[in-house]
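Thank you all for coming; I would like to take a few minutes to walk through one structure, going from the whole chain down to its interior. Please have a look at it first, and then I will go on.

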Amino acid sequence: MTNHSIALIPGDGIGAEVLPAAREVLDTVGKRHGITFTYQQFDWSCERYLRLGSMMPEDGLEQLRRHDAILLGAVGHPGVPDHVSLWGLLIPIRRAFRQYVNLRPIRVFEGLPSPVRAAAPGAVDFVVVRENTEGEYSEIGGRMNRGGPDEMAVQQAVFTRRGVTRVLDFAFGLAERRGGPLTSATKSNGIVHTMPFWDELVAERAAEHPTVDWNQEHIDALAAKFVLEPARFDVVVASNLFGDILSDLAAAVAGGIGIAPSANLNPEGEYPSMFEPVHGSAPDIAGRGIANPIGAIWSAAMMLDHLGYPEAAADVTDAIARVLATTPVRTRDLGGSASTAVFTSAILQHL
């Protein structure tokens, strides 16, 4: 038996409801594949911020560093500004642990209709590779003359050769393994410094991956094509902001943001990677036991794959697919009435 140490951060809202579902699935599939997990749970959240003035303790990163991976539920609370919760927890983890790849798979499952007519089950199966530690989400900038008639805010985007190159190499390598084309999101016709720089580096890295067919699309046209022609894509690589927006749009095309997983990867394995659903804390339904656990369970499958267990990961995603294709069990956001526990039980039965 192989044991892995997992840091659990339930966070806020429905995070505390979907993370136990992911843990149950991990323990069940682990028995089949000879994997065990040791969990340490942390109460880092907006509730902690309101109580103690910080999202996590000063030595929080050191506490996480000794774990093999991090599984996070959700972060956000109406009483705490989003920039406080994000910059107090998620972004410090992503940057300190060099999680420079944000990976978001997009798949239309049989039995879960897409709101987009062109998105057929089996035809839409692609992945968005988002640069995760620099780009438009920079700390450089500030505000002047607050409250005055000449108040101003400046936000600087930061694109480095190293930062862009490493995420492009990951994306091109993924496209090589998947055997499909790569699409780069840009806006070099309107953003005159960072995006031409991005385009130049895409062309440079493409020359190192000659077997990959690639093209580039302006972000506005690309967003439209996600809706009009979602089946044409296989790997999409984008900057931090563009990738964030595109992946949420793509999740909606796939049938709902409640099913969307994500991985914040340190591909070299020097630091722990972090896995999280992207649906947010959903305070309007928190505590009612009706949250959709698919995003968290699928994120746990991505964690298994990252840890070196692709067969176990496939068992989990296959179980999700079978429940959706062969049973009427659906949570409320998918048009059903199943509770979180009932849907999770259906997944476990198929495992």
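Of the 351 residues in the protein chain, 54% count as buried, and I should say at once that this is a predicted model, so every value I give is computed from it. The accessible surface of the protein chain comes to about 15000 Å², and carbon and sulfur atoms make up 52% of that surface.

As for overall dimensions, a compact globule with 351 residues would have a radius of gyration near 20 Å, and because the protein chain has 20 Å, the two agree. Taken along the principal axes, the C-alpha atoms fill a box of roughly 55 × 50 × 40 Å. Within the protein chain there are eleven helices and twelve strands, and among contacts with a separation of 6 or more, 74% are accounted for by residues 24 or more positions apart.

What, then, makes up the interior? The largest nonpolar core has 90 residues, of which Leu103 and Val129 touch the most other members, and helix α9, residues 294-306, gives this core its largest share, with nine residues. Leaving aside residues up to four places away in sequence, Val129 touches, among others, Leu103, Val167, Phe170, Leu174 and Val236. There is also a second, separate core of 18 residues, which includes Met56, Leu89, Leu90 and Ile93.

Finally, on charge, the protein chain carries 29 positive and 41 negative side chains, while the centres of these two sets lie 3 Å apart.

Note on methods. Residues numbered from 1 in each chain as written. Predicted model: local features only at pLDDT ≥ 70, side-chain atom pairs only at ≥ 80, totals over all residues. Heavy atoms only, no water. Helix = DSSP H or I, 4+ residues; strand = E, 2+ residues; numbered from the N terminus. Rg over C-alpha atoms; globule rule 2.2 N^0.38 Å. Buried < 20%, exposed > 50% of the residue type's maximum accessible area, 1.4 Å probe, protein only. Contact = heavy atoms within 4.5 Å. Areas by Shrake-Rupley, 256 points an atom, 1.4 Å probe, with all protein chains shown as cover. Lys, Arg positive; Asp, Glu negative; His and termini not counted. Charge placed at Lys NZ, Arg CZ, Asp CG, Glu CD. Core = buried A, V, L, I, M, F, W, Y, C linked by side-chain atoms within 4.5 Å.
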